[in-house]
Amino acid sequence: MSYIIKINCKAEGENSFSEEIVIPKTNLNKELELNDCKNILKSLTSTLVSLKEKDEIYEFNYTIKVMYKEEMVMELIDGEMAFFKSVVQYEQLLDFIIDYVNTAENGKYGIRIWEDCETPLGNGAMMSLVENDKKYIKNYIDFLRTCDLDHEVCQWGDIDSVITKYGFTKETTKLVLVRLMSCAGQSGKEQFTDFLDKGLETYLADNKELFLTALVAETNYSLYNCNYYHNCLEAPKDEFINEVIDSIKELVAKLDKSDIDFFKKELIGIWKKYRVLQ
């Protein structure tokens with residue numbers, strides 16, 4: 001019995017596109033296995049690359065069917081989350097997943113392509129990775145930084161689920177600081193306050209050095225890469241310091257004087273370095 005995989009892709013940009021990809025299955029099992037998932041991932045990535053070359057794409061989605069002749073023999077896979085929950089079990093495919101996610105980062109308007117009107121493309125893939133291993137939180141942060149967070153839908157719940165699963169750790173500390181600064185979006189500062197109430201304040205008190213080091217790194221990134229801090233470094237020194245401090249007042253309220261003095265000293269260093277580079 002010979003099965004085939006059919007992927008029906010749709011894309012929206014200046015024009016609408018649809019494409020059917022047909023892939024012969026590599027085994028006699030109707031279930032998707034390692035090579036099937038690899039071939040699907042490579043086909044989706046190359047199709048997305050091709051579509052981006054033709055047009056400024058802002059939306060891309062697909063369904064996956066396993067067929068025998070004209071009959072569907074496996075439940076329809078509709079969307080990323082359904083597909084990638086199966087894919088992440090294969091360690092050999094993790095780099096292919098990252099490639100797929102990265103391919104979707106520059107769509108129309110310079111932001112990540114959407115899967116639908118609410119979900120950034122790659123979200124299902126990244127959440128599957130992060131739920132599989134916390135080492136992918138770094139990749140999840142990179143992903144969030146390419147999303148349009150002025151139009152949040154799933155981000156609060158997704159980030160909350162990561163914290164619920166792993167608690168407050170070195171890896172998740174970076175995520176909560178990103179949520180406060182470079183990925184604050186519509187609800188980040190409110191969510192950061194929620195995390196303080198749920199145990200982050202205690203973790204901060206017990207891990208000051210780790211937390212402050214992560215804060216300085218996130219501040220450095222945000223000052224050079226985030227529209228919110230656009231031209232902030234151009235301000236006079238005291239105005240610059242006050243502007244940054246005010247932007248993270250939810251956190252500053254939980255720091256003691258020595259912590260704030262340390263952070264201000266680091267800010268002065270960043271401010272001076274910027275001027276040397278100009």
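Leaving aside its neighbours within four places in sequence, which residues is Arg179 in contact with? Let's work up to that. The model is predicted: local features need pLDDT of at least 70, side-chain atom pairs count only at pLDDT 80 or more, and totals for chains, interfaces and linings use all residues. Residues are numbered from 1 along each chain as its sequence is written, and side-chain values use heavy atoms, with hydrogens and water left out.

**Exercise 1. Describe the surroundings of Arg179.**

Step 1: Find Arg179 in helix H7 (residues 170-180); helices here are DSSP runs of H or I, at least four residues, numbered from the N terminus.

Step 2: Check exposure. Arg179 is buried, at a relative accessible area of 1% (buried means under 20%, with a 1.4 Å probe and protein chains only).

Step 3: List the contacts (heavy atoms within 4.5 Å). Leaving aside neighbours within four places in sequence, Arg179 touches Glu152, Gln155, Trp156, Ile159, Ala184, Ser187, Gly188, Lys189 and Gln191.

Step 4: Pick out polar contacts (N or O atoms within 3.5 Å, one able to donate a hydrogen and the other to accept it; residues adjacent in sequence count only if both atoms are side-chain atoms). The Arg179 side chain has one of 2.8 Å with that of Glu152 and one of 2.7 Å with that of Gln191.

**Exercise 2. Work out whether Cys183 is in a disulfide.**

Step 1: Recall the cut-off: two cysteine sulfur atoms within 2.5 Å.

Step 2: The structure has zero disulfides. For Cys183, the nearest cysteine sulfur belongs to Cys226, 7.1 Å away, and Cys183 is in no disulfide.

Step 3: Cys183 is buried, at 2% relative accessible area, and Cys226 is buried too, at 13%.

Key. Buried means under 20% relative accessible area, exposed over 50%, partly exposed in between (1.4 Å probe, protein chains only).
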